[in-house]
Amino acid sequence: IDFVELPAMIDATMSVYAGADDEVCEGMEYQTGANGQNFESLMWETSGTGTFDDNTSIDAMYMPSDQDWEAGMVTLSLTVYSGFESMTDEMELSFMPMPQDAGMISGIAMVCAGWSENYMVDELNDSDWYHWVLSPETAGMIDSTTHEVTVHWAEDFTGEAVLTVQGMNDCGEGMFSEDFTVTVDACTGIDEK
């Protein structure tokens, strides 16, 4: 008896996958995550005005343009070719903006040691949380990560303290506000209102 080994069945079907819809932070380039099989050549295209480092590479890098950022998203299309056949797949690339730069802080600029006072900044576009900084740290405690904060001024601190804030999100941080200087006085014999 002779045994004849037949080659395994090979899937010669052409396929293409441009990658899942994705997002990238403002100012960043985007590394594509595509794959495909049984093609001879390929080409990336964009619905925007950005550019690819090599639009004939499956692992292309996309550099968004200013117009892309303003539009908020683009469609990236990957077409593969084999002979006279072609196949295309698309993915949407959205752009996540950096937090807006912080404006002026408002609140009381002269306080008594041991008091608690509220300070705020206008809500910042694209900020998921706020980073408040009190300098020196020994001047008091901050209890919030929103656009409004309460500062619990230390009982034993007098002098000048500086309060600043910045908006933050998963892409990074916005510019800090201008310094808001607070004078902390001992206020001996004065009760808080």
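What pattern do the disulfides of the protein follow, with bonded cysteines counted along the chain? The pattern is 1-3, 2-4. The legends below describe views of a predicted model.

**View 1. Overall form of the predicted model.**
The protein is built from 1 helix and 18 strands. Its C-alpha trace spans about 110 × 50 × 20 Å along the principal axes. The radius of gyration is 29 Å, whereas a compact globule of 193 residues would have a value near 16 Å. Of the 193 residues, 36% are buried. The exposed surface comes to about 11,900 Å², and 50% of that area is supplied by carbon and sulfur atoms. Contacts between residues at least 6 apart in sequence were also sorted by separation: 59% of them join residues at least 24 apart.

**View 2. The disulfide between C25 and C171.**
The structure has 2 disulfides, and one of them joins C25 to C171. The S to S distance here is 2.1 Å. The torsion about the S-S bond is -90 degrees, and the link is left-handed. C25 sits in strand β2, while C171 sits in the loop between β16 (159–169) and β17 (172–173), so the bond ties together parts that lie 146 residues apart in sequence. Is C25 buried or exposed? The relative accessibility of C25 is 18%, so C25 falls under the 20% limit and counts as buried. C171 has a relative accessible area of 16%, and therefore it is buried by that limit.

**View 3. The disulfide between C112 and C187.**
A disulfide also joins C112 to C187, with an S to S distance of 1.9 Å. The torsion about this S-S bond is about -85 degrees, so the disulfide is left-handed. The pair links distant parts of the chain, 75 residues apart. C112 belongs to strand β11 (residues 110–112), and C187 to the segment after β18 (180–185). Both C112 and C187 are buried.

**View 4. Strand β9 and its two partners, β2 and β8.**
How many bridges join β8 to β9? There are 10, and the two strands run antiparallel. In this pairing, Y81 has S86 of β9 as its bridge partner. β8 and β9 form a hairpin, with 2 residues between the strands. The turn contains G83, which has a positive phi of about 60 degrees. Strand β9 (residues 85–96) also pairs with strand β2 (residues 22–25), here in the parallel sense over 4 bridges. V24 has F95 of β9 as its bridge partner. Strand β2 is also the strand that holds C25 of View 2.

**View 5. T75 in strand β8.**
T75 is placed in strand β8 (residues 73–82). Its relative accessible area is 18%, so T75 is buried under the 20% limit. Which residues does T75 touch, not counting those up to four places away in sequence? They are E45, T46, S47, E90, M91 and E92. One of these, S47, is the subject of the next view.

**View 6. S47 and its link to T75.**
S47 lies in the loop between β5 (41–46) and β6. S47 has 53% relative accessibility, which is over 50%, so the residue counts as exposed. Leaving aside neighbours within four places in sequence, S47 is in contact with V74 and T75. The side chain of S47 reaches the backbone nitrogen of T75 at 2.8 Å. Farther along the chain, M104 is 57 residues from S47. The C-alpha atoms of S47 and M104 are separated by 39 Å.

**View 7. The open sheet of β3, β7 and β6.**
In what order do the 3 strands of this open sheet stand? The order is β3-β7-β6, and the pairing is antiparallel. The edge strands are β3 (30–31) and β6 (51–52), each of which pairs on one side only. Strand β7 (residues 61–63) pairs with β3 in the antiparallel sense over 2 bridges. In β7, Y62 stands opposite Y30. Strand β6 also bounds the loop that carries S47 in View 6.

Terms used. Residues are numbered from 1 along each chain as its sequence is written. This is a predicted model: local features need pLDDT of at least 70, side-chain atom pairs count only at pLDDT 80 or more; totals for chains, interfaces and linings use all residues. Side-chain values use heavy atoms; hydrogens and water are left out. Buried means under 20% relative accessible area, exposed over 50%, partly exposed in between (1.4 Å probe, protein chains only). Contact means heavy atoms within 4.5 Å. Two strands pair if DSSP finds at least two bridges between them. The radius of gyration is taken over C-alpha atoms; the globule rule is 2.2 Å times the number of residues to the power 0.38. Accessible areas come from the Shrake-Rupley method with a 1.4 Å probe; for residues, only the protein chains shown count as cover. A polar contact is a pair of N or O atoms within 3.5 Å; within protein, one must be able to donate a hydrogen and the other to accept it, and residues adjacent in sequence count only if both atoms are side-chain atoms. A disulfide is a pair of cysteine sulfur atoms within 2.5 Å.
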